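Q: I'm new to this one and would like a close look at a single part. Could you walk me through some charged side chains?

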Amino acid sequence: MDEALLRSLTPAVIAVLCRRGLDFAAAEDAVQEGLVEAVRLWPDDPPRDPKGWLVAVAWRKYLDVARAEAARSRREVRVELEPPPGPAVAVDDTLGLYFLCAHPSLTPASAVALTLRALGGLTTRQIAQAYLVPEATMAQRISRAKRTVARVRLDQPGDVATVLRVLYLVFNEGYTGDVDLAAEAIRLTRQLAGLVDHPEVAGLLALMLLHHARRPARTRPDGGIVPLADQDRSAWDTALIAEGVAVLQRALARDHLGEYQAQAAVAALHADAPTAAETNWVQIVEWYDELVRLTGSPVARLNRAVAVGEADGGRAGLAALAGLDPALPRYTAVAAYLHERSGETATAARLNAEAARLAHDAAERDHLTRQAARLNAALRG
Amino acid sequence: MAKYLLLKHYRGGPAPLTDTPMDRWAPEEVSAHIQYMDDFAARLEGTGEYVDGQALAPEGTFVRYDGEGRPPVTDGPFAETKDLIAGWMVIDVDSYDRALELASELSAAPGPAGKPLHEWLELRPFLTMPPAVTE
């Protein structure tokens, strides 16, 4: 039973049903019913044409529902017979689904859930597990999202930037439940890159591949954070890195720079360094300059300050930090690090302890507490 | 089985026996403390007594409806010290005695020099429907 194949068929089948005139919610429900049947029947009786099979079964499921509703309301409705199979699905249908699931009328959380369901083919239970919420909560969120986009027409061109934002949100959820959302985001971004020729789509794909390649080295078995400098680089996935770099180079050659390409370039420079000491921090600073120019984002400036600290020393890093809002997430942790690099151990210890209190997750808090403890121990001599 | 909430207070309770902040411990003492908590939760998962647990951000606010408009938000109605709940764990155990035993064990997580920390934990039973059938 090839679950990945099943899931990859989902968006195309939804798109076929929408083209036959179903609204999105009805198409999506019908396909979910079809998937359930596939899971039940395929292990014993695999179809020769999986997509054709799913289209036929989902269509029949829709007709069943339509007939039942018609009967309930005691109206005589003749439902048309199944039309002959249409031509092979045009790629644009699936692309439309990406835009629909990332529609600006949806909240980011709803867009993510709808994307995983309609494009990823995940069940509501799987999505709920990944986000650590009850299944009923996620079911409601998805229903609301479907109602919100019910009237949106699939043929309207969308904004690819909104799609990329949603996919990046999915990627950053990482791995929490049974489903590896980072891998799922990569699969969907790969598919999107096949549908639309856009340097930023390639940039995001490269960024995800490069981050994903380094994931095994980033956490200890107990979930603790391993800082970049201490990571076991032999645990990095060299095939993924090579692919990410190749995708990035093709995107950069298009000479249409965007924030994902710039971030991917930073990730590529990290991935390229045989040791932490050999990292090309000067080039990384230059890419952060581009990122700041493109986005003006304070977070990009904060990351730039870290890179400046590595390239030109802690003092220069602290100078780059000046003027940024101390309320920025991780500001205090960055300040602690730069003070340590400047040799100001006591200040660094105090700031690490403060950053631990401000931390947003337990692994980060524990890591910062250990940093403070290490520096305080050094001060005691 | 009965569910209990274990609340870990950092302030507002009786004076703790050890009040050295964790960033003043040796790094390995910090690791040992965290490991103890992880092992404790893993063991309760094994016995089927673990329900859920989370760490909480330190800053909380008190909110209440006060008529139309933005609700007033305060630091908390505490006369002396602001309370700080660091985290919670829900357990599902056979008896009150078992709940006490586990709370006591969690409170014994190691601190500086590997000695038990004697942290205060608040143990609160969940309200449940009375059983329809009693034997």
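Which residue forms a salt bridge with Glu119(B), and how far apart are the closest N and O atoms?

A: Keep in mind that this is a predicted model. The partner of Glu119(B) is Lys8(B), and the closest N and O atoms of this salt bridge are 3.4 Å apart. Now look at where the two sit: Glu119(B) is in the loop between helix H2 (96–107) and strand E6 (121–125) of chain B, while Lys8(B) belongs to strand E1 (residues 2–11) of chain B, so the salt bridge ties together parts that are 111 residues apart in sequence. Both Glu119(B) and Lys8(B) are buried.

That pair belongs to a bigger tally, with 26 salt bridges over all chains. Hop over to chain A, and you'll find Arg341(A) and Glu310(A) meeting through their side chains at 3.3 Å, N to O. This pair links distant parts of the chain, with Arg341(A) in helix H17 (residues 331–341) and Glu310(A) in helix H15 (residues 298–312), 31 residues apart. Arg341(A) counts as partly exposed, at 39% relative accessibility.

Next, try Arg350(A) and Glu354(A), another salt bridge, where the closest N and O atoms are 3.9 Å apart. These two are separated by about one helical turn because they lie four residues apart in helix H18 (residues 345–358) of chain A. Glu354(A) is partly exposed, with 31% relative accessibility.

Note on methods: Residues numbered from 1 in each chain as written. Chains lettered and ligands numbered in written order. Predicted model: local features only at pLDDT ≥ 70, side-chain atom pairs only at ≥ 80, totals over all residues. Heavy atoms only, no water. Salt bridge = Lys/Arg side-chain N within 4 Å of Asp/Glu carboxyl O. Buried < 20%, exposed > 50% of the residue type's maximum accessible area, 1.4 Å probe, protein only.
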